[in-house]
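This briefing covers model confidence, nonpolar cores and one loop residue. The structure comes first.

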Amino acid sequence: MNQLPLNLLPLNLLPEMPSLSKMYVNAAAMAARNRVLGSGADKALPRVLNEVRGVMPDLAKLTAYQHLLGRTARDVMPSGFLHALAFPVAMSVMVREDFPLPLLGMIHLHNHVDHLEPILFTQPLTIQAWAQNLAGHRSGTLVDLVVEIRADASPAVMWRGVSTYLAKGVFLPGVDKPALANGSRGSSASGGGASGGGPSSGRASGSGAPGNGSLAGDFSPPDPTGIWKLGVDTGRAYAAVSGDFNPIHLSVLSAKALGLRRSIAHGMYLGARVLADVGSPQPDAFAWDISFEAPVFLPATVAMHIADVQTDDGVWSSSAYVGWNPRTGRRHFTGTVSAL
């Protein structure tokens, strides 16, 4: 529902990168107002394409981001950093008054990224974002936020990410709940804003996604190839380099204010950690995805298993991974990285 050809969306050119901190404050104010007056938003997605041109990263934050992931500084920007760089543009769509879902409390279910070519930190970039695929879910309403990154004045997409979110408990009139098969879009209703981790190096060889049961209860943990130790400050450390100061990630008190018992690690910190563990995929064009099943409350220990798949001539073609709680066996996330 509400999926439009990109050339039919009116362009909304923003003069500069939006401030994440200001948008979180505005989202909180809007939520408080809506509790009193009710939401005035239409039950449809805004017909708009937000765009910012001439975007350049903060070099100090880029370097700190790479060091946080246990990697050396490089001129080529990591794929996870590009998500963080573009996230304010995506969020600027979600904080619009005509966006039908509340930003605060949104659960991050899935990400898919096509990283089509290396992007240097010296390249001025154009970032576009829009919302599509408003759909019902047994636990609320789903929406996809799409981001594309190009070099300025170039029509070629260099990086494209689709983030799927669930507004839990929000059921919009006229938005039907689909019959969801296992593994389909949004089937991990219990997930959300998941987890991240520290460095690990080893991984196994295999032919498919490790521990890929059809339901979370079917999961049988494999032998871990790494153990991640997440400190209580994991969320604050990632926020400092990504700019994402969502209160659910920062402290016990700020998380409790939004209904969580403790703070949880950023889902995209997790995705970035996995990419750091997989290494720099060859060829340069690759795709990666991650699905969240359960949040990781901080501090925490996460067991990790990465299984590589190679071609007949021994060339890497893909990696599948899974992370879980080694004490309870509860699966937190799964995903793949593959050559394009």
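**Confidence**

Residues 186-216 have pLDDT (the predictor's confidence in each residue, from 0 to 100) under 50 throughout, and for this stretch the model has 114 contacts (heavy atoms within 4.5 Å) beyond four places in sequence. The model is predicted: local features need pLDDT of at least 70 and side-chain atom pairs count only at pLDDT 80 or more, while totals for chains, interfaces and linings use all residues. Residues are numbered from 1 along each chain as its sequence is written, and side-chain values use heavy atoms, with hydrogens and water left out.

- The chain has a mean pLDDT of 83, with 81% of its residues at 70 or more.
- Residues 1-5 have pLDDT below 50, and this stretch has 13 contacts in the model beyond near neighbours in sequence.

**Nonpolar cores**

A nonpolar core is a set of buried (under 20% relative accessible area, 1.4 Å probe, protein chains only) Ala, Val, Leu, Ile, Met, Phe, Trp, Tyr and Cys residues joined through side-chain atoms within 4.5 Å.

- The largest nonpolar core has 74 residues, and M91, M94, F99, L101, V143, I149 and F333 have the most contacts inside it.
- Helix 3 (residues 79-94; helices are DSSP runs of H or I, at least four residues, numbered from the N terminus) gives this core its largest share, eleven residues.
- A second, separate core has five residues, including L9, L49, W130 and V146.

**P102**

- P102 is in the loop between helix 3 and strand 3 (107-115); strands are DSSP runs of E, at least two residues.
- P102 counts as partly exposed (between 20% and 50%) because its relative accessibility is 38%.
- Not counting residues up to four places away in sequence, P102 touches A167 and V170.
- P102 and K168 are 66 residues apart in sequence, with 9.7 Å from C-alpha to C-alpha.
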